[in-house]
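Hi everyone, thanks for making room for me today. I'd like to walk you through a structure, so have the sequence and the 3D view open while I talk.

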Amino acid sequence: MNNRQRKFAFAAVILFQLVVMAGVWVNGFYPLWLGEEVRLKTRPVDPRDLFRGNYARLHYDFNTIEPGESADFRPGDVVYVPLVRNGDLWDPQPTQASRPESGVFLRGRVTSRPWRSGSRVTFGIEALFAPKEKALALEKQLRHTAVAVVRVAPNGRAALVSVNSE
Amino acid sequence: MQLLGLLRRELRSECRQWVDDGDISAEQGERILARYGTSLEDVSDGSLAYKVLVGVALLFAGMAMMLLVSANWEEIPRAVRMLGLVATTLVLNGIGVRHFLRDGSGIGWLFVGSISYGASIMLIAQIYHLGEHFPDGLLVWALGVAPMALLTRSRVITLLMLALALFWLMAEGQFSPPWAMVLFLGCSVAVARMACSAGLMIVTVAAAVTWLNVLLGWAYGYPWRPDIEAGHLTLNMGLLALIFMAGHRLSVTTSVYLRRTATLLSLWALRGYLLLLLPFTFTEFCEGYLKELESVMDPGLWMGLLAAIPAAWLALRNRSAHPLSRGLVMGLPVVMVLLHGGSNEAMAVPVTVLVNLLVLGSAIVLVQQGLLKGLSQYFYSGVALLLVLGMMRYVDLVGDYVGGSVLFLLAAGILFLAAHYWRDRQGGAGHE
């Protein structure tokens, strides 16, 4: 490989890294840009991520598929949760394997095998990154009254905007 | 086996002393050191200390950057935070590439640039609250570092890539079979070959063994999750045999780095073999293993055979290894099939006794080979193995007190015979 080819190869690698960073950004940003805003009940708890810092872990009722239903779902399966407006909040409907034809719905992925308490599903809206004190305060203050403000893209991909009091 | 080749720095230092003292000429010193891929003029000792310290400093700088990103600078606008880190990545990589193209330096800049690239991905994930489960972030980080490692042939950047890939393997391996690991292993082997690095080759082999164990876990638990089963031991028996024989096969090559790789492979495979054998000297462990095996349809057996059969073929062709190790490797596929095929707990006591005798035999061979070839690592490994075996059997009896006593008597008899045989041979050699 001569010097000119090497220069091109390095430029390609750096461009690839830029494209990856842009891809991660677009992936996180486009539901905020295109999505409809919904408000969902949630409960925060506080762990620490080795790479991304402190965050409040949010648990939603629809993160768990009931034991009876979960036998049909395997880890890695894509699932959908239709949302129905109920006043100021949106209520989750039973999890389904097929994409709803209309309405607002969340797209998630099964991340555990069926267990006594059911299977776990994640939707990409389970972490609110915040400084440690804020994450701990959120956990204490909003334990029973937290509402997640989420924007949901037409394909079900969701992005977390904020967590407020009910 | 070139165990001395693993101590090149010490050898170089000794050789310089011999030359200074007039014990050997400089030319002889050069010829001795050339056998181990080094020379009297080699000044890498001083630069190694520099490289290690700079490497650790760069790693700390990278960790500082990750922690800075983790600190959640809420008062700084999102766009400024993100563009700042992306720009930092571009600047670091730009400076690194410029230095590298000019005179082959700049690896430090590229290493920190690679960490900055990952920090950017993590920061974007943090800013946009991207999910709790984020192994994909690690995957794209490692994927971005891989071509940089290939282009620079840098060991330190490749090690960063492998570390990230292993983090990803552990994170993603819980949710799906981590097939993409093959890319990182391939990249690492390519860099190890281009950079003639025995150390990187060994780390890659260790990563490959970890990956194969995770894949076997998925073969057991598919589609729910990876399961740890008794068959994992069978797989690792096959892998150790293959690594050991591959080491012996490589030891005859003319390439110094491949010979060093071969020595390290054989040495670690031997240590792994001894560690794997020891639990099997306990009856309860053997019983559990035989009980858990899933007959001849066990995926662990089939994956183990995929490694053990080529190992047996290598053992058949390569006569440089000791007859006991060759015999064991050649017989391993049959032993594996017999254990899985006739897996019942009644076999536990005979298998335990056989393994105890095998450990004893291995220890004797290690002591004998250590003295014969002047390899102190082997000699002391053999002595330590004998003492550990004796202590374990005294605490944990096979076949109660009488059985334990018979086993000790048998062991004592074998040791006496081996000692006499050794003394007679030494005497014979002395007369010749």
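Let's take the contacts in chain B between residues at least 6 apart in sequence: 66% of them join residues at least 24 apart. Please keep in mind that what you see is a predicted model. For chain A, the matching share is 65%, again among contacts between residues at least 6 apart in sequence.

Now, what is chain B built from? It has 17 helices and zero strands. Its C-alpha atoms fill a box of roughly 80 × 70 × 40 Å along the principal axes. The chain has 432 residues, and 38% of them count as buried.

Please find helix α5 of chain B, residues 107-127. How far apart should the ends of its 21 residues be? At 1.5 Å a residue the helix should span 30 Å, and the end C-alpha atoms are indeed 30 Å apart, so the two values agree. You might count 21 steps there, but the expected span uses one less than the number of residues.

Is this helix enclosed or out in the open? Of the 21 residues of α5(B), 20 are buried, so the rest of the structure largely encloses it. Just after α5(B), look for B:His129, which takes a positive phi of about 50°.

That brings us to the nonpolar cores. The largest one has 133 residues. Which residues have the most contacts inside it? They are B:Ala142, B:Val145, B:Ile157, B:Met161, B:Ala165, B:Ala241 and B:Ala311. And our helix comes back here: α5(B) gives the most to this core, with 13 residues.

Let's zoom in on one of those residues. Leaving out residues up to four places away in sequence, B:Ala165 touches B:Ala142, B:Met181 and B:Phe184. There is also a second, separate core of eight residues, and among them are B:Ala363, B:Ile364, B:Leu366 and B:Tyr378.

For contrast, try B:Ala208, which lies in helix α9 of chain B, residues 198-221. Why does B:Ala208 count as partly exposed? It has 18 other C-beta atoms within 10 Å, and because a buried residue needs 20 or more, while an exposed one has 12 or fewer, that count falls in between. One more thing to look at from there: B:Ala208 and B:Ala312 are 104 residues apart in sequence, and their C-alpha atoms are 20 Å apart in space.

Over to chain A. Its secondary structure comes to three helices and 12 strands. The C-alpha atoms of chain A fill a box of roughly 65 × 40 × 35 Å along the principal axes. Of its 166 residues, 38% are buried.

How confident is the predictor here? Chain A averages a pLDDT of 83, and 91% of the residues score at least 70. Within chain A, confidence is lowest in strand β3, residues 48-49, at a mean of 61, and highest in β6(A), at 93.

So where does β6(A) sit? Look for an open sheet of five strands in chain A, in the order β5-β9-β8-β6-β7, with antiparallel pairing. At the edges are β5 (64-65) and β7 (89-92) of chain A, and each pairs on one side only. As a reminder, strands of a sheet pair through backbone hydrogen bonds, either parallel or antiparallel.

Take β6(A), residues 78-86, together with β8(A), residues 104-110: they pair in the antiparallel sense over six bridges. A:Val81 has A:Leu106 as its bridge partner in β8(A), and A:Tyr80 stands opposite A:Arg107.

On the β7(A) side, four bridges join β6(A) to β7(A), and these strands run antiparallel too. Here A:Asn86 has A:Leu89 as its bridge partner. The two strands form a hairpin with two residues between them, and A:Gly87 in the turn has a positive phi of about 70°.

Last stop: where the chains meet. The contact takes 35 residues from chain A and 34 residues from chain B. Which elements of chain A give two or more residues to the side that touches chain B? They are α1 (3-34), β4 (53-59), β10 (127-129) and β12 (158-165). The largest share, 15 residues, comes from α1(A). By class, that side of chain A has 19 nonpolar, nine polar and seven charged residues.

That's my tour, and I'm happy to take questions!

Definitions and conventions. Residues numbered from 1 in each chain as written. Chains lettered and ligands numbered in written order. Predicted model: local features only at pLDDT ≥ 70, side-chain atom pairs only at ≥ 80, totals over all residues. Pairing = 2+ DSSP bridges. Contact = placed C-beta atoms within 7 Å. Nonpolar A, V, L, I, M, F, W, Y, C, P; charged D, E, K, R; others polar. pLDDT = per-residue confidence, 0-100. Core = buried A, V, L, I, M, F, W, Y, C linked by C-beta atoms within 7 Å.
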